[in-house]
Amino acid sequence: MNSSYKKAVVADFLQRCNRYAVAELAKYRQQLAAADPATALSIQDKIGHWTAYHAFNEHALAEMARGELDDWFE
């Protein structure tokens, strides 16, 4: 298996993870609109975690695109 193929598999996985994260964020934002104050704090915490997860994956994808992680795939 060559490194280009490995990178493509990982990139596809991270993109799928981010599509899932976007769906989760939409779900929690919708719940937040109708939440009581105590529940809202918990939901905001989840939104923060999913936002960080999405940002981390985007950062990894950008590093892969720039070739900064090529040695991981050799």
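In which helix is the place of A52? In this predicted model, A52 belongs to helix α2. That residue is a handy starting point for a tour of the chain, which moves from the overall form to the cores and then to single residues.

The secondary structure is simple to describe: the chain has two helices and zero strands. Helix α1 covers residues 3–33, while helix α2 covers residues 37–65. The C-alpha trace spans about 50 × 15 × 15 Å along its principal axes. A second view of the form comes from the radius of gyration, which is 16 Å for this chain, whereas a compact globule of 74 residues would have a value near 11 Å. The pattern of contacts adds to this picture: of those between residues at least 6 apart in sequence, 65% join residues at least 24 apart.

The surface can be described in a similar way. Of the 74 residues, 26% count as buried. The accessible surface comes to about 5200 Å², and carbon and sulfur atoms account for 59% of that area. The chain carries 8 positive and 10 negative charges, and the mean positions of these two groups lie 6 Å apart.

What lies inside comes next. In soluble globular proteins, nonpolar side chains tend to be buried together. Here the largest nonpolar core has seven residues, namely A11, L14, A60, L61, M64, L69 and F73. Helices α1 and α2 are the elements that give two or more residues to this core, and α2 gives the most, with three residues. A second, separate core holds six residues, including A21, L25, Y28 and W50.

L61, one of the residues of the largest core, shows how the contacts run. Leaving aside neighbours within four places in sequence, L61 is in contact with A11, L14, Q15 and N18. Two of these partners, A11 and L14, also appear in the largest core.

N18 deserves a closer look of its own. Is N18 buried or exposed? N18 counts as buried because its relative accessibility is 4%, and buried means under 20%. This residue is found in helix α1. With neighbours within four places in sequence left aside, its contacts are Y53, H54, N57, E58 and L61.

K7 also lies in helix α1. Its contacts, again without neighbours within four places in sequence, are M64, G67, D70 and F73. Among these partners, M64 and F73 are members of the largest nonpolar core. K7 and F73 are 66 residues apart along the chain, yet their C-alpha atoms are separated by 6.7 Å.

Two residues of helix α2 complete the tour. A52 has a relative accessible area of 46%, so this residue is partly exposed. The C-alpha atoms of A52 and R66 are separated by 21 Å, although the two residues are 14 apart along the chain. K46 is likewise placed in helix α2, and at 36% relative accessibility K46 counts as partly exposed. From K46 to C17 the C-alpha distance is 16 Å, and 29 residues separate the pair in sequence.

Conventions: Residues are numbered from 1 along each chain as its sequence is written. This is a predicted model: local features need pLDDT of at least 70, side-chain atom pairs count only at pLDDT 80 or more; totals for chains, interfaces and linings use all residues. Side-chain values use heavy atoms; hydrogens and water are left out. Helices (H or I, at least four residues) and strands (E, at least two) are DSSP runs, numbered from the N terminus. Buried means under 20% relative accessible area, exposed over 50%, partly exposed in between (1.4 Å probe, protein chains only). Contact means heavy atoms within 4.5 Å. The radius of gyration is taken over C-alpha atoms; the globule rule is 2.2 Å times the number of residues to the power 0.38. Accessible areas come from the Shrake-Rupley method with a 1.4 Å probe; for residues, only the protein chains shown count as cover. Lys and Arg count as positive and Asp and Glu as negative; His and the chain ends are not counted. The place of a charge is taken as NZ of Lys, CZ of Arg, CG of Asp or CD of Glu. A nonpolar core is a set of buried Ala, Val, Leu, Ile, Met, Phe, Trp, Tyr and Cys residues joined through side-chain atoms within 4.5 Å.
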